[in-house]
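This report describes selected features of a predicted model. It takes up a helix, a nonpolar core, two pockets and a loop residue in turn.

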Amino acid sequence: MTSGREAAPTRIDTARPHPARVYDWWLGGKDNYPVDEELARKILAVDPTVRRGARANRRFMHRATRTLAQAGVRQFLDIGTGIPTEPNLHQVVQGVALEARVVYVDNDPIVLRHAEALLRGTAEGTTDYVHADVRDPDTVLALAAESLDFAQPIALSLIALTHYLGDEVHDLLKRYVEALTPGSHLILSQVTPDLNPEAVEKAAGLFRQSGTPFFPRSLAEFSRFFEGLELLGPGVIPVSGWRPDPQDVAAQAEGIVPVYAGVARKA
């Protein structure tokens with residue numbers, strides 16, 4: 001079953017870049033505008049790892065959500081979904097369990113435009129899309145609760161999203177995690193300055209100049225997001241090293257991308 005909803009009428013702003021569309025360009029997608037491509041190319045010029053980092057984030061999402069689906073999790077809330085790319089999260093988890101329920105959340109209207117492509121789930125499960133902003137947890141949670149049962153475990157995924165949030169990120173994550181029942185999980189990845197500080201700072205500066213806040217975080221800062229939760233092995237680690245498939249091992253030979261990742265369980 002599939003459906004889609006939005007919190008408020010929106011329009012696509014092509015005058016300034018949007019992170020979801022910049023990310024889409026790095027992944028080789030076509031759902032972006034000249035302003036997005038311009039910023040994506042500028043950042044690629046100062047940090048040649050960003051394209052590999054975008055792909056590494058996608059593969060981490062596949063591995064993490066597949067791991068949790070195989071462990072019995074049947075509900076997934078993916079905030080900061082981005083432009084559809086295959087396989088999407090619902091294709092991964094419903095490939096493990098046909099009855100899995102998935103809710104996607106993003107604030108870019110172009111994602112809403114492509115919702116029909118995004119929402120092709122199984123007949124046994126549900127795949128829903130909510131147009132809302134991560135900074136509005138009350139709206140996100142209320143709309144997600146129309147498809148997900150918050151009395152049962154949920155895997156909350158925020159892939160490559162927290163580095164767009166400033167100090168408010170801690171209160172936001174606390175609000176979302178508090179809404180989850182024990183047995184739920186938190187999946188995160190985050191750009192870090194630890195592994196390539198000069199390039200990451202230049203990239204962050206370009207994002208900020210374009211009007212997009214950007215906050216790379218150290219290992220200690222990123223690890224703080226998981227306080228009070230039980231980290232799954234191997235803990236917080238560069239993104240391609242989290243339970244890598246052969247493709248990820250091969251990718252690491254090209255160099256480590258400056259992104260940390262982790263998955264934790266709410267006890």
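Helix α3 comprises 21 residues, which at 1.5 Å a residue should span 30 Å; its end C-alpha atoms lie 30 Å apart in this predicted model, so expectation and model agree. The helix runs over residues 50-70. Of its 21 residues, 16 are buried, and α3 is therefore largely enclosed by the rest of the structure. Gly 72 follows the helix and has a positive phi, near 110°.

**The nonpolar core**

Helix α3 also gives the most to the largest nonpolar core, with 8 residues. This core has 79 residues, of which Trp 26, Phe 60, Phe 76, Leu 77, Ile 79 and Leu 158 touch the most other members. The surroundings of Ile 79 can be described further. Apart from neighbours within four places in sequence, Ile 79 is in contact with Val 105, Val 134, Val 140, Leu 156, Ser 157, Leu 158, Ile 159, Leu 161 and Tyr 176.

**The two pockets**

The volumes and lining classes of the two pockets are set out below.

| Pocket | Volume | Nonpolar lining | Polar lining | Charged lining |
|---|---|---|---|---|
| Largest | about 670 Å³ | 17 residues | 8 residues | 10 residues |
| Second largest | about 190 Å³ | 4 residues | 1 residue | 5 residues |

The largest pocket has a volume of about 670 Å³. It is lined by 35 residues, and those closest to its centre are His 18, Pro 19, Ala 20, Asp 106 and Asn 107. Four elements, namely α1 (19-26), α3 (50-70), β2 (75-79) and β3 (101-106), each give two or more residues to this lining. The most comes from α1, with 4 residues.

The lining of the second largest pocket consists of His 170, Asp 171, Leu 173, Lys 174, Val 177, Glu 178, Arg 224, Phe 225, Glu 227 and Leu 229.

**Glu 99 in its loop**

Glu 99 is situated in the loop that joins α4 (89-96) to β3. Its relative accessible area is 41%; because this value falls between the 20% limit for buried and the 50% limit for exposed residues, Glu 99 counts as partly exposed. Which residues does Glu 99 contact, leaving aside its neighbours within four places in sequence? They are Arg 74, Glu 124 and Gly 125. Glu 124 is 25 residues from Glu 99 along the chain, yet the C-alpha atoms of the two are separated by 4.8 Å.

Note on methods
Residues are numbered from 1 along each chain as its sequence is written. This is a predicted model: local features need pLDDT of at least 70, side-chain atom pairs count only at pLDDT 80 or more; totals for chains, interfaces and linings use all residues. Side-chain values use heavy atoms; hydrogens and water are left out. On a 1 Å grid over the protein atoms alone, a cavity is a set of points where a 1.4 Å probe fits but cannot get out, and a pocket is an open set with protein on both sides within 12 Å along at least five of seven lines; lining residues have an atom within 4 Å of a point. Grid points are joined across faces, edges and corners, and a volume is the space filled by probe spheres set on the points. Ala, Val, Leu, Ile, Met, Phe, Trp, Tyr, Cys and Pro count as nonpolar, Asp, Glu, Lys and Arg as charged, and the others, Gly among them, as polar. Buried means under 20% relative accessible area, exposed over 50%, partly exposed in between (1.4 Å probe, protein chains only). Contact means heavy atoms within 4.5 Å. A nonpolar core is a set of buried Ala, Val, Leu, Ile, Met, Phe, Trp, Tyr and Cys residues joined through side-chain atoms within 4.5 Å. The expected span of a helix is 1.5 Å times one less than its number of residues.
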